[in-house]
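Colleague: I would like a close look at a single part of this model, namely its pockets. Please take the lining step by step, and then place it beside the other parts that can be described.

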Amino acid sequence: MTALEIWQEDRAGRRDPENRRSRQEYFILLRDALHEELAKDGRSDFLEEMIAAGGKGIQALEFSALRECFASIVDGRRMKDAAHHVPHILRAENTPLTWEDMEKGSAFLVNDPKLPEMLVRLRNVSYQLANARDESHDADARKAVERELEGLRAVNQALQTDNRELRAQRDALRERVTQLEEGVISQQLQYKADARRHQMEDALKREMADKRAAAEREMHDALSAAARQEQQARETIRREAEEADVRRAAVYDTLRTQLQASLEKQMETLQTSLQAEDFRFLAQSYAELQGMFSREMPALLGNAPAHGADAQLLEGLAALSASVNAHLVRLEQAMQQLGLTVAYPEKGDAFDSALHSPASAAAGDAPEGERLIEAVESPAVRFIHADGAAQTLVRAVVHTSRRTAEE
């Protein structure tokens, strides 16, 4: 709920003390909601409602919540502990008002002549801090000046309102002096009244000038501090992102190195085994290597961008894939010199148990005559004898499906 909704709900239920919230719970909810709205959005409908009312005759708990937010946002002080006493409300001199007394007594109003100026200043500072947090530092040079001018315009407007009231009082005094001149006071009293009036006007001008200068300094300091904090936060995020990129690149480089070393080791093992007489072992090693490469390398290349691989790493993986594929082609050519030929089944071919081996077997599989090849995990290797007869050394590992009526 917003601060305005909390206030309206409590105001509607004040005539029913049994069902309303405790005064301490209501104060904490109102204070926290108001502070969150001002700190996050830079404005609050509840604050606007209080400003529109002129800050006159405000009740004690609403006044305390506004004072807490003003101390936190404008003055930068920590909020007071509200566990036992009502903040900023005194029962007597140096005697804070307890929550027990607040619950027992009836609500009362607080009249603070400085409250209207405090509310306007709280609204202006909250708005400026929210804008300074949300906007980028690069555009702050121009926008900060605009926000500063906007705040100064608000201060000037408040000062102009005060000046109009003072001018009205001055005109009333002049009219009164004129009336007195016509009948009661002497010329000497007129001089004294004019001198006193001029002194009051000069003192008021100096006071207004001092307040305006202090407000300008505070606003400028707040905007500068917010801009520095925003810049530091952006630098921290940028450094963390760079460190994460370096760590991710190192992991992928290690993975590529391990994969390349593994493949090179297997290639060396295959090249050494060419000198042996066991063609079946050579055929099995080639089929397993070819199947592993055809399954793992496309998946590795496809998943690398999703894991943040940069262009350099992708280029290295592509080069590695081309290199291994070239080695496999040369190995296949060497095997052909030994009389070994590689057979790659096609999708849709009929399943032949002499040439194909199912990747998995289940009791519910279709008979051999009704099975078709669906996918290939590794190729078959056959040895061609001198008389042209072919002997299957390694069967192709395939996935099968049942033949349909149309097929």
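Modeller: What follows goes through the pockets, then the nonpolar core and a small set of strands. The model is a predicted one, and everything below is computed from it.

The largest pocket has a volume of about 1300 Å³, and its lining consists of 42 residues. Nearest to the centre of this pocket lie Pro-116, Glu-117, Met-118, Ala-158 and Asp-162. Four helices, α4 (60-73), α6 (115-134), α7 (140-183) and α8 (187-273), each bring at least two residues to the lining of the largest pocket, and among the contributors α7 gives the most, with eleven residues. If one sorts the lining of the largest pocket by class, 19 residues are nonpolar, seven are polar and 16 are charged, and a nonpolar and a charged residue, Pro-116 and Glu-117, are both among those nearest the centre.

The second largest pocket, with a volume of about 380 Å³, is lined by 14 residues, and Leu-166, Arg-167, Met-200, Glu-201 and Leu-204 are the ones that lie nearest its centre. The elements that supply two or more residues to this second lining are α7 and α8, and here the largest share, eight residues, comes from α8. By class, the lining of the second largest pocket divides into six nonpolar, two polar and six charged residues. Helices α7 and α8 are thus also named among the elements that line the largest pocket.

Two of the helices at the largest pocket, α4 and α6, lead on to the nonpolar core, since each of them also supplies at least two residues to the largest nonpolar core. This core has 36 residues, of which Leu-30, Leu-34, Phe-46, Leu-47, Leu-66, Leu-119 and Leu-122 touch the most other members. Besides α4 and α6, the elements that supply at least two residues are α1 (3-12), α2 (23-41), α3 (45-52), β2 (85-92) and α5 (99-104), while the largest share of the core, eight residues, comes from α4. In soluble globular proteins, nonpolar side chains tend to be buried together.

Further along the chain, three strands form an open sheet with mixed pairing, in the order β6-β10-β7. Its edge strands are β6 (356-358) and β7 (371-378), each of which pairs on one side only, and the twist from one strand to the next averages 50 degrees. Strand β10 (residues 396-402) pairs with β6 in the parallel sense over three bridges, and Val-398 in β10 is the bridge partner of Pro-358.

Note on methods: Residues numbered from 1 in each chain as written. Predicted model: local features only at pLDDT ≥ 70, side-chain atom pairs only at ≥ 80, totals over all residues. Heavy atoms only, no water. Pairing = 2+ DSSP bridges. Axes fitted to C-alpha atoms, helices over the stretch in contact; angles between N-to-C directions. 1 Å grid on protein atoms, 1.4 Å probe; cavity = no way out; pocket = protein on both sides within 12 Å on 5 of 7 lines; lining within 4 Å. Points joined across faces, edges and corners; volume = space filled by probe spheres on them. Core = buried A, V, L, I, M, F, W, Y, C linked by side-chain atoms within 4.5 Å. Buried < 20%, exposed > 50% of the residue type's maximum accessible area, 1.4 Å probe, protein only.
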